[in-house]
Amino acid sequence: MIGFLIRRVIQSIIVILGVVFIVFLLGKLIPGGEAAAALGPRRSPAAVAHFNLVNGLDLPIYDQFWRYIWGLVSNLNLGYSFKNNEGVKELISQRLPKTLTLVGVSTVVALIVAIPLGILQVVRRYSVVDYSLTTASFLFYAMPPFFLGFLLILYFSFDAHLFPVSPPIGSTGTTIFTDPRAFVLPVITLSAITIASFSRYMRSSMMDALTQDYVRTARAKGASNNRVLYGHALRNALIPILTLIGLSLPAIASGALITETVFNYSGMGLLTVTAAINDDVPTVLGATLVITIFTVAGSLLADVLYAIADPRIRLGGST
Amino acid sequence: MTTHDEITPATGPDGPLDETLILPTGQVVTVPEGGESSSAGGMGRQILQVFVENRLAVIGLFVIVFFILFCFVGPAFYHTNQTNAEAALNATQNGRPSGSHLLGTDNTGFDLVGRLMFGGQASLIVGFASAAVATVIGVIYGAVAGYVGGWVDALMMRIVDVLLSVPVLFLLIALVTIYHASELLIILVIAFVSWLVPARLVRGETLSLRVREYVQAVRVMGGSNTRIVGRHIVPNAIGTIVVFATFQVADSILLLAALGFIGQGIPAPGTDWGTMLSDGVQSAALGYWWEIYPAGLCIVLVVIAFNFIGDALRDALEVRLQRR
């Protein structure tokens, strides 16, 4: 298991280095260079030269990359937002906890809903319940998440006044939950797609487990149907869900971007969208980098949990 | 991304077409290995039969044909102004559905049925074109990586890992912020974030196909690498490729809708279904329901239709032998 973990950590570090390189490269690809992005369309050549000199942009590209990485590692320097006149790090630090809360809560809710749904579909397989849940998951998968968000606001906030229209305002871990009702609709929106995919996966994973030899053995030994379902099939089907969460994190982060924008919830996604509208490339790139690092770390965590949960890895060799 | 996970050849047999299968009835069926091309009419007919038997797929196909006709042929019969913003502003804004405007008008005075056709053209073109570009890039990349193998393969696949770990909408937004949006650019940018999955799939197929006897036979006979990859490996992975491409059209349409929502969709005076939907939001809050539901319904129907077809193709091309 130690070998597995070490390999997995190294792999994650390589991926993060690759992402850093890509984000760095994207910054260089701005037509006209970073000076153009910072100084605007009416820049003078002298101002551009001065900007490049001050920011080390006249150095060779490998040198710039080295300085970029060094800045990141030594004091988390993510660049400077000229549009906001503030460091990207400062912009992000207020918003990151809000996004992490939204993503965390939604993923937990999605699991709590999706796993029983998937089990229900297996217990009642090929019945009306099964087919209608499959249809529903198709529908949620096909529905743009922002459309779902609008409909929820329209019916539950404007018409029924069940939930406030305004998003949670607090930005620290404790103040964010002062009005939990404000959280309900964003969480529903973000978890809807995840529920659709998780429950479909849960269903196929359990159906697959039911065809395995150990299930036949259990049945042959006279285990009851419930014991086969919950004791054997479910336990084996639950472990891969951990991997699925890890694999789904980038998609959930994308979903969070949309959800935050719909509900005006000031997290990383809304920051990115606003920055994109304002042509604020450094903020977009910085937010992309940070959110990706967190997704990679989240996937790593999911894999570590997988290794702990699955005795074949926990007790097995270092493969 | 859910639908794609299911076509990852991780758990199933790697070679899609040439396996010895034991049917549930106990029969053993040996399928001949694929040669240069599968021109056998029987197989094609069998695939078609499985596809047609799947009612959902046939419905999906009808939905898509309907929308293609509606968006591209419709404007020839239903004449509306969709380009002159000034003339539109002089017309009724937020008009209720009526005899002259079947679905009413939007907040800038454009007729909404015409707008759906006009925006649908962009959504469908972007969907098809970006899926095609992504598939071509992914197939070439994956086939080269899998065929060459060694450190080239390792390096090429690490690049895919890195790009796949970036949440797709963030990457998409970064790209459209750097290069300002036009229809062609949106196609390329969506393709750029979508070629990774087919690259992985095709690379996996290639790894298993390149050690087959018929590939070795071609090599012994002096066939070039290009010929082996182009005429023998890629055609034998065509099932996976076609299934991916079908799902990708749906995903591309959703990605374009997301871009439209954050205001980076097809730039004005053009439009797309996602942009229409998000433009209609303020109006919908005021009770002008016709400004969001038709556009939303178009997206949902087309995306579901492509998913139905993709599912049916997956059954028809990959696991059809288990049924017979």
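Is A:D279 buried, exposed or partly exposed? A:D279 is partly exposed, since 16 other C-beta atoms lie within 10 Å of its own, a count that falls between the 12 or fewer of an exposed residue and the 20 or more of a buried one. The legends below describe this residue and other parts of a predicted model.

**Figure 1. The predicted model as a whole, with its confidence scores.** The model has an ipTM of 0.87 and a pTM of 0.83. For chain A the mean pLDDT is 82, and 93% of the residues reach 70 or more. For chain B the average is 77, with 78% of the residues scoring at least 70. Within chain A, confidence is lowest in helix α2 (residues 33–39), at a mean of 71, and highest in α11(A), at 88. Within chain B, helix α1 (residues 2–5) has the lowest confidence, at a mean of 41, and helix α5 (residues 112–148) the highest, at 90. The pLDDT is below 50 over residues 1–39 of chain B, a stretch with 53 contacts in the model beyond near neighbours in sequence. Residues 319–324 of chain B also stay under 50. For residues 319–324 of chain B the model has eight contacts beyond four places in sequence.

**Figure 2. Chain A, with its helices and strands.** Chain A has 13 helices and two strands. Its C-alpha atoms fill a box of roughly 85 × 60 × 35 Å along the principal axes. Of the 319 residues in chain A, 37% are buried. Among the contacts in chain A between residues at least 6 apart in sequence, 69% join residues at least 24 apart.

**Figure 3. Two loop residues of chain A with positive phi, A:Y126 and A:D279.** A:Y126 is not a glycine, yet its phi is positive, at about 55°. A:Y126 sits in the loop between α5 (88–123) and α6 (128–142) of chain A. With 8 other C-beta atoms within 10 Å, A:Y126 is exposed. A:D279 is not a glycine either, and its phi is about 65°. The loop that holds A:D279 runs between α11 (268–277) and α12 (281–309) of chain A. As stated at the start, A:D279 is partly exposed.

**Figure 4. The surroundings of A:G149 in helix α7 of chain A.** Helix α7 of chain A covers residues 145–159 and includes A:G149. A:G149 is buried, because 25 other C-beta atoms lie within 10 Å and 20 or more are enough for that class. Leaving out residues up to four places away in sequence, A:G149 touches A:T189, A:T259, A:V262 and A:F263. A:G149 is 23 residues from A:Y126 in sequence, and their C-alpha atoms are 31 Å apart.

**Figure 5. Helix α3 of chain B and its kink.** Helix α3 of chain B takes in residues 55–77. Its 23 residues should span 33 Å at 1.5 Å a residue, and the end C-alpha atoms are 31 Å apart, which agrees. A kink of about 40° lies at B:C71, shortly before the proline B:P75. B:C71 is buried, as are B:A57, B:G60 and B:F67 in this helix.

**Figure 6. Helix α9 of chain B, largely enclosed by the rest of the structure.** Helix α9 of chain B is made of 14 residues, 196–209. From first C-alpha to last it reaches 20 Å, close to the 20 Å expected at 1.5 Å a residue. Eleven of the 14 residues are buried, so the helix is largely enclosed by the rest of the structure. The buried residues include B:R200, B:R203 and B:E205, along with B:L196, B:V197 and B:L209.

**Figure 7. The contact between chain A and chain B.** Chain B contributes 36 residues to the contact and chain A contributes 41. On the side of chain B that touches chain A, the elements giving two or more residues are α6 (150–165), α7 (168–178), α12 (238–261), α13 (273–279), α14 (281–285) and α15 (293–317) of chain B. Of these, α7(B) gives the most, with eight residues. By class, this side of chain B has 25 nonpolar, nine polar and two charged residues.

**Figure 8. B:L172 in the largest nonpolar core.** The largest nonpolar core has 157 residues. B:L172, B:I173 and B:V303 are the residues with the most contacts inside this core. Apart from neighbours within four places in sequence, B:L172 is in contact with B:V189, B:V193, B:L255 and B:L259.

Definitions and conventions:
Residues numbered from 1 in each chain as written. Chains lettered and ligands numbered in written order. Predicted model: local features only at pLDDT ≥ 70, side-chain atom pairs only at ≥ 80, totals over all residues. Helix = DSSP H or I, 4+ residues; strand = E, 2+ residues; numbered from the N terminus. Expected span 1.5 Å × (residues − 1). Contact = placed C-beta atoms within 7 Å. Nonpolar A, V, L, I, M, F, W, Y, C, P; charged D, E, K, R; others polar. pLDDT = per-residue confidence, 0-100. Core = buried A, V, L, I, M, F, W, Y, C linked by C-beta atoms within 7 Å. Bend = angle between axes of the 7 residues up to and from the residue.
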